[in-house]
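Here is a short report to read alongside the sequence and the model. Take a moment to turn the structure around, then follow the text from one helix out to the whole chain.

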Amino acid sequence: MRHVIALDVGGTGMKAALVGADGALLYEARRATGRERGPDAVVTSILGFAAELLAHGEERYGVRAEAAGIAVPGIVDPDDGVAVYAANLGWRDVPLRSLLSVRLGGLPVALGHDVRSGGLAEGRVGAGRGADRFLFVPLGTGIAGAIGIGGAIEAGAHGYAGEIGHIVVHPDGPDCGCGRRGCLETLASAAAVTRAWAEASGDPAADAADCAKAVESGDERAVRVWRGAVDALADGLVTALTLLDPGTLIIGGGLAEAGETLFTPLRAAVEERVTFQKPPTIVPAALGDTAGCLGAGLLAWDLLATDLEVSA
């Protein structure tokens, strides 16, 4: 059976799969990155994990994988195949594509950004299936975005398109790691809600999921924290939809696991803020934490299709 190797590298863990030509996940596995041993150890772990997948696919299906795709956090140069910068992995200018290709015996390798790869999967086979233009926004430790147009993800001229988390929504808000203040991710990410709820509840171990449960039980402190995050999120999203006019807005990440506790007030807050804009359909992501890995597989299949077109 034809297949490709897919890897989604996070700060502490990696998700991997063999992906069929129809986008099906044929085999899945997970492993720690080994980040505690340093940046080079992470690269070694990735290469070894990919080699194991190559061997597993050949043994199981009788044919070698045709390509590999890898999605990583941080700043990525897909054209050069370099992971330019990833703070949580300690990487700078890692030639990941060439390293992986050599380890896999010369297989073609596609390199992508983790959120854009997840957006690609959600757009093609997930919540955005059939949508010509969509915006995928995962709400996790930070907030990023993927702009979907005609079945592809727009990376921008320099690879930074979709970074909605750094739209300033409250200029006098908290300091952001990017150097500015009041960025969306400092107010509406899962990490931001965790910080706010831990302070409001007096429980340093409380997190965003606990806040959502407290909202559902009617806790007024939780309602205030949640409303603040939803309002900030709506402000940022309306700015994005004013610029991009997506037909579908896909919300994923940890906060989206709250279900209608998030989506009901968020839809209302967006509706309240639009004037001339046409509100998009706001839906939860469908693929969960497999989106990035599946997207990496789709990048690998796209790479093969492009190579065939060039050689034809």
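In helix H3, the buried residues are Val 115, Arg 116, Ser 117, Gly 118, Gly 119, Leu 120, Ala 121, Glu 122 and Gly 123. That makes nine of the twelve residues of H3, so the helix is largely enclosed by the rest of the structure. H3 covers residues 114-125, and at 1.5 Å a residue it should span 16 Å; its end C-alpha atoms are 16 Å apart, which agrees. Please keep in mind that this is a predicted model.

Val 76 is another good place to stop. This valine sits in strand E5, residues 75-77. Its relative accessible area is 4%, and because buried means under 20%, Val 76 counts as buried. Which residues does Val 76 touch, leaving aside those up to four places away in sequence? They are Val 82, Val 84, Leu 111, Gly 112 and His 113. Arg 37 is 39 residues from Val 76 along the chain, and the C-alpha atoms of the two are separated by 22 Å.

Next, a look at the backbone. Most residues other than glycine have a negative phi. Two aspartates have positive values, as the table shows.

| Residue | Phi | Location |
|---|---|---|
| Asp 93 | near 55° | strand E7 (residues 91-94) |
| Asp 245 | near 50° | loop between helix H7 (220-244) and strand E12 (248-252) |

Is Asp 93 buried or exposed? Its relative accessibility is 55%, so Asp 93 counts as exposed.

Now for the chain as a whole. It has nine helices and 13 strands. Along the principal axes, its C-alpha atoms fill a box of roughly 60 × 45 × 35 Å. For 312 residues, a compact globule would have a radius of gyration near 20 Å, and the value for the chain, 20 Å, agrees with that.

Inside, 51% of the 312 residues count as buried. Among contacts with a separation of 6 or more, residues 24 or more positions apart account for 60%. On the outside, the chain exposes about 14,100 Å², and carbon and sulfur atoms supply 52% of that area.

Finally, the charges: the chain has 25 positive and 39 negative ones. How far apart are their mean positions? The two mean positions are 1 Å apart.

Technical notes
Residues numbered from 1 in each chain as written. Predicted model: local features only at pLDDT ≥ 70, side-chain atom pairs only at ≥ 80, totals over all residues. Heavy atoms only, no water. Helix = DSSP H or I, 4+ residues; strand = E, 2+ residues; numbered from the N terminus. Rg over C-alpha atoms; globule rule 2.2 N^0.38 Å. Buried < 20%, exposed > 50% of the residue type's maximum accessible area, 1.4 Å probe, protein only. Contact = heavy atoms within 4.5 Å. Areas by Shrake-Rupley, 256 points an atom, 1.4 Å probe, with all protein chains shown as cover. Lys, Arg positive; Asp, Glu negative; His and termini not counted. Charge placed at Lys NZ, Arg CZ, Asp CG, Glu CD. Expected span 1.5 Å × (residues − 1).
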